[in-house]
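Reader: Could we go through this structure one feature at a time, with each cut-off stated where its term first comes up?

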Amino acid sequence: RILGGLRGTIGMDWDWDSAVIYSKAKRDDVTHNRVSNTLMQEALSDTTAAAYNPFGGAVNTNIERALVDVYRKSKTDLKLIDFKISNIGLFDVWGGPVGFLAGAEYRKESFEDDRDPRLDGTINFTDWEGDTYPFISDVVNSSPTPDNEGSRHVTSLFTEFALPLHSTLDVQLAIRYEDFSDVGSTWVPKIAFGWRPTDWFMLRGSWSEAFRAPNLVTVNEKLVV
């Protein structure tokens, strides 16, 4: 993960900051001693002493000839750049100066998911009923799962106002716009207030909407069994 940023001021009243992020992750998973349907079928059909012996108990079964290691290799990466500018006294209202912030953000996310050939259909198994990939995999008790990959880029714009409407009442107004390359765009608003009529009592409240984009796997999954 690499993060770099800059910040500064414009004139006497404006503060700004910007950052760039690059993040990459890689994961390799291996599950040992899984049973291959294809190899087990061969072991059961073998007429020699090397055949699988289901009656051997814990010894002399030749089960090892049907055992395989199953892997899953995944990669994700994120690229992001943002810029924000703010002013704690944009203009004055009844209760004092209005705080203001605005910003923009661009990010790109991507992933790759490489499944074992016995899961992604490269090695096919057909059972006695004729079922094969994509309905069953070659690994006992594992669903078939194809290789997957996908990416999206998101452009965001946001702004926020802090309004002191009275010496005892502050209001916050905020809105965020996001444009997703794969699931459309959305507006997310927020309104909040804080009312302190006395030093010992304060009442706070807020209303907002939210949107959570489906993750990349959900959008790009080619097959779910």
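Reader: Is Arg-107 buried or exposed, and what is its relative accessible area?
Author: Arg-107 is buried, a class that means under 20% relative accessible area, with exposed over 50% and partly exposed in between (1.4 Å probe, protein chains only). The model is predicted, and local features need pLDDT of at least 70, side-chain atom pairs count only at pLDDT 80 or more, and totals for chains, interfaces and linings use all residues. Residues are numbered from 1 along each chain as its sequence is written, and side-chain values use heavy atoms, with hydrogens and water left out. Arg-107 falls under the cut-off because its relative accessible area is 15%.

Reader: In which strand does Arg-107 lie?
Author: Helices (H or I, at least four residues) and strands (E, at least two) are DSSP runs, numbered from the N terminus. The run that holds Arg-107 spans residues 99–115, and this strand is β6.

Reader: With which side chain does Arg-107 make a polar contact of 2.8 Å?
Author: A polar contact is a pair of N or O atoms within 3.5 Å; within protein, one must be able to donate a hydrogen and the other to accept it, and residues adjacent in sequence count only if both atoms are side-chain atoms. The side chain of Arg-107 has such a contact at 3.5 Å with that of Glu-178. The partner at 2.8 Å is Glu-105.

Reader: Which residue meets Arg-107 in a salt bridge of 3.5 Å, N to O?
Author: A salt bridge is a side-chain nitrogen of Lys or Arg within 4 Å of a carboxyl oxygen of Asp or Glu, and the side chains of Arg-107 and Glu-178 meet in one. Since Arg-107 lies in strand β6 and its partner in strand β8, the pair ties together parts that are 71 residues apart in sequence. The partner counts as buried because its relative accessibility is 10%, and its name is Glu-178.

Reader: Which acidic residue meets Arg-176 in a salt bridge of 3.5 Å?
Author: Arg-176 lies in strand β8 (residues 169–180) and its partner in strand β6, so the bridge joins parts that are 71 residues apart in sequence. Arg-176 is partly exposed, with a relative accessible area of 26%, whereas the partner is buried at 14%. Glu-105, Arg-107, Glu-109, Arg-176 and Glu-178 are linked in a network of salt bridges, and the partner of Arg-176 in this pair is Glu-105.

Reader: How many salt bridges does the structure hold?
Author: One of them joins Asp-138 to Arg-118, with the closest N and O atoms 2.5 Å apart. Both residues lie in the loop between β6 and β7, so this pair ties together parts that are 20 residues apart in sequence, and both are buried. The total for the structure is 14.

Reader: Which strands stand at the edges of the open sheet of eight strands?
Author: Two strands pair if DSSP finds at least two bridges between them, and here the order is β1-β2-β3-β6-β7-β8-β9-β10, with antiparallel pairing. A strand at the edge has a single partner, so one of its sides is left without a neighbour in the sheet, and this holds for β1 (2–10) and β10 (201–208).

Reader: How many bridges join strand β3 to β6?
Author: Strand β3 covers residues 67–87 and runs antiparallel to β6. One bridge pairs Ile-85 with Ala-102 of β6, and the number of bridges joining the two strands is 16.

Reader: Against which strand do the buried residues of α1 pack?
Author: Helix α1 (residues 37–45) has Asn-37, Thr-38, Met-40 and Ala-43 as its buried residues. At its N-terminal end, Ser-36 acts as a cap, with a side-chain oxygen 3.3 Å from the backbone nitrogen of Thr-38. Contact means heavy atoms within 4.5 Å, and the strand against which the buried residues pack is β2.

Reader: What is the value of omega at the peptide bond from Tyr-133 to Pro-134?
Author: Pro-134 lies in the loop between β6 and β7 (148–166). The bond that leads to Pro-134 from Tyr-133 is cis, and its omega is near 15 degrees.
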